[in-house]
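Hi there,

Here is the structure I promised to pass on to you. Have a look at it first, and then read on for what turned up in it.

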Amino acid sequence: DFLCISLVNGFTQLRYNLGDTTVILQTLQKVHANGTTWHSLKAGRVGNEGYLDLDGINITQKASPGMNALDTHTDFFVGGVSSLNLVNSMAIENEPTGFTGCIREIVINNRELKLTATDPKGGANVGDCDGTACGYTVCKNSGTCKVENSGFSCSCPQEWTGTTCEQSIHCSQNMCGSQALCIPQLSSFSYTCVCALGWSGKYCNSEIKFYIAKFVGNSYIKYTDPYYGKRDLQHSRISLNFTTNQTEGLIVWMGKSEDEDNDFLAIGIASGTLKVVINLGETISVPLMHSKYYTCCDGRWHFVTVVQNQTCIKVYLDEELILFEDIDPQRKYTALNYGGICYFGGFEIGRKVSIVTTGLFQKEFIGKIKDVVLFQDSKKIQLMKAEGYNVYDGNSEN
C-alpha cells in the first residue's frame, strides 16, 4: 500500500494503492515553476475515493468496489526519501527524484506537522526557505510580520496583543487563577475563565476535590495509564458508573485520538441508547448498539462494563450482558493498542467530539462519571490526578 503526491511534467499527481489497484489523479493545470508563486494543494481519500485540489480546482476519483484502508506502517516522508529505490514503481510516473522547492503548512488528518529542525524524526539537506525570522505563521490571528535586526516584530489587529498577536486584548489583564484558560468573549468585550482540574469559581481560584466528576458539555479529562506498558492488550476491560439525561454524548474514549489509524475503544450515548465502538487496527468496526435499552438517559446511575477478549466484545449494562459480538472472526488484529490514554467526556478544548470521532458520537458528555476501573485493577483510577478542564464536583449540586 502507498499514497504519493508528486510533480510530473509540471502537473501535480496523486497516486495511491490500498492493496488492489493503483488510482491516479492529475491536476488540470500546471504549477508555476518560477520559484516565487505559492500553491495550495489538498489531496487525500475517503475510503477508496480520492480527491486532488490545486488552488481550488478539484479532481475526484469515484469510489469503486475493493479495498478501502491504507495499510502502511512506515515513516511519512516529505520532499524525498532516505533511499529512492524504496519508492514503489507504481507510486510515480517517471524515475523518482527528490523535490526542489519550498513546502510549508503541511496538515495531515487535521493535524499540522511542525516543519522545524527538531520536531521531525529525521531528514537531510533541508534549509530555511524564507531566509528570515518571520516564516508564515510567526504572527498569529492575521498579524503581519516585520524583520528586525534582533529577529522580528508583529503588527497586530486591534483585537489582539502580545509578541506574536497570540493574546486577545480582553484577556491581557485577566484574573483567571491557577492553570486556568482565558477565553475571550468578543461580543461582550470581556472573558471567561475555564478552570483546570481541581479548581472552580468565576476566576478558578477555589480549590476542589471530587470522586464524582461532573461534565457540563465543554469538559474533558485526559488520563494517562501508568501501567500501560505492563497491560495484556489482547484482553482489555473498562468499567464505570455514569448518569445523564442527554440522548447524545461521548462518555469515554480509550485511545490517543491523534490520527485515524489509532486503536480505540469508545463508549457513549447515541440516539438515547448505549453505543460502543472498537477499532483494533484496520477499519472501524460496526458500532455495537442495543436498541432495546432506552434507559440510559433517565438521570439515574448506570453501570457499564466493556470486555475485549481479542476480537470478542462483551458489553454489560447494569450487570446484564446486552451485547456479545466477534468483530473479526479472521483474528487479523487482536490487541487494543490504545497508547495508555483515556479521555472522559470529550477531548481537548477546541477539538469537537463529532470531528475527532468522525461522526461516531455527536456531542460532548453532559452528566456524571465515577468508579472508573481499568482492566482487573483492584483500585479505581483517580480522576483528580489527570489533566482536564471545566470538570466539577459531582457530589455538590452546583
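How far apart are the end C-alpha atoms of residues 167-205, and what are the helix and strand percentages of the chain there? The ends are 21 Å apart, with 0% helix and 36% strand over that span. Please keep in mind as you read that this is a predicted model.

Why start with that stretch? The unreviewed UniProt entry annotates residues 130-166 and 167-205 as "domain: EGF-like". For residues 130-166, the end C-alpha atoms lie 22 Å apart, and the span is 0% helix and 32% strand.

Now for the disulfides. Searching the whole structure turns up seven of them, and I will walk you through some.

One of the disulfides is formed by C134 and C145, with 2.0 Å between the sulfur atoms. This pair links distant parts of the chain: C134 sits in the loop between strand 8 (111-112) and strand 9 (144-148), while C145 belongs to strand 9, and the two cysteines are eleven residues apart. The torsion about the S-S bond is -90°, a left-handed link for C134 and C145. Is C134 buried or exposed? C134 has a relative accessible area of 8%, so it is buried. Its partner C145 has 31% relative accessibility and therefore counts as partly exposed.

C156 and C165 are also joined by a disulfide, at an S to S distance of 2.1 Å. The torsion about the S-S bond of C156 and C165 is about -90°, so this disulfide is left-handed. Here C156 counts as partly exposed because its relative accessibility is 26%, and C165 counts as buried because its relative accessibility is 0%.

Another disulfide to find on your screen is that of C171 and C182, whose sulfur atoms are 1.8 Å apart. Where do these two cysteines lie in the chain? C171 is in the loop between strand 12 (167-168) and strand 13 (181-185), and C182 is in strand 13, so the disulfide ties together parts that are eleven residues apart in sequence. The link of C171 and C182 is left-handed, with -85° about the S-S bond. C171 and C182 are both buried.

Next, please turn to the beginning of the chain. Strand 1 (residues 2-8) and strand 2 run antiparallel and are joined by seven bridges. One pair to look for is L3 with Y16, its bridge partner in strand 2. The hairpin of strand 1 and strand 2 has two residues between the strands, and N9 takes a positive phi near 55° there.

Strand 2 also pairs with strand 3 (residues 22-30), again in the antiparallel sense, over six bridges. In this pairing, Q13 stands opposite Q26 in strand 3. Four residues lie between the strands in this hairpin, where G19 takes a positive phi near 130°. How many of the seven residues of strand 2 (residues 11-17) are buried? Six of them are, so to speak, under cover: strand 2 is mostly covered.

Finally, here is a wider view. The domain assignment divides the chain into domain 1 (2-112), domain 2 (174-208) and domain 3 (213-393). Taken over C-alpha atoms, the centres of domain 1 and domain 2 are separated by 44 Å.

Enjoy exploring, and write back with any questions!

Best wishes

Terms used: Residues are numbered from 1 along each chain as its sequence is written. This is a predicted model: local features need pLDDT of at least 70, side-chain atom pairs count only at pLDDT 80 or more; totals for chains, interfaces and linings use all residues. Side-chain values use heavy atoms; hydrogens and water are left out. UniProt positions are given in the numbering used here, feature names are shortened, and annotations may be inferred rather than shown by experiment. A disulfide is a pair of cysteine sulfur atoms within 2.5 Å. Buried means under 20% relative accessible area, exposed over 50%, partly exposed in between (1.4 Å probe, protein chains only). Domain bounds come from an automatic or database domain assignment. Two strands pair if DSSP finds at least two bridges between them.
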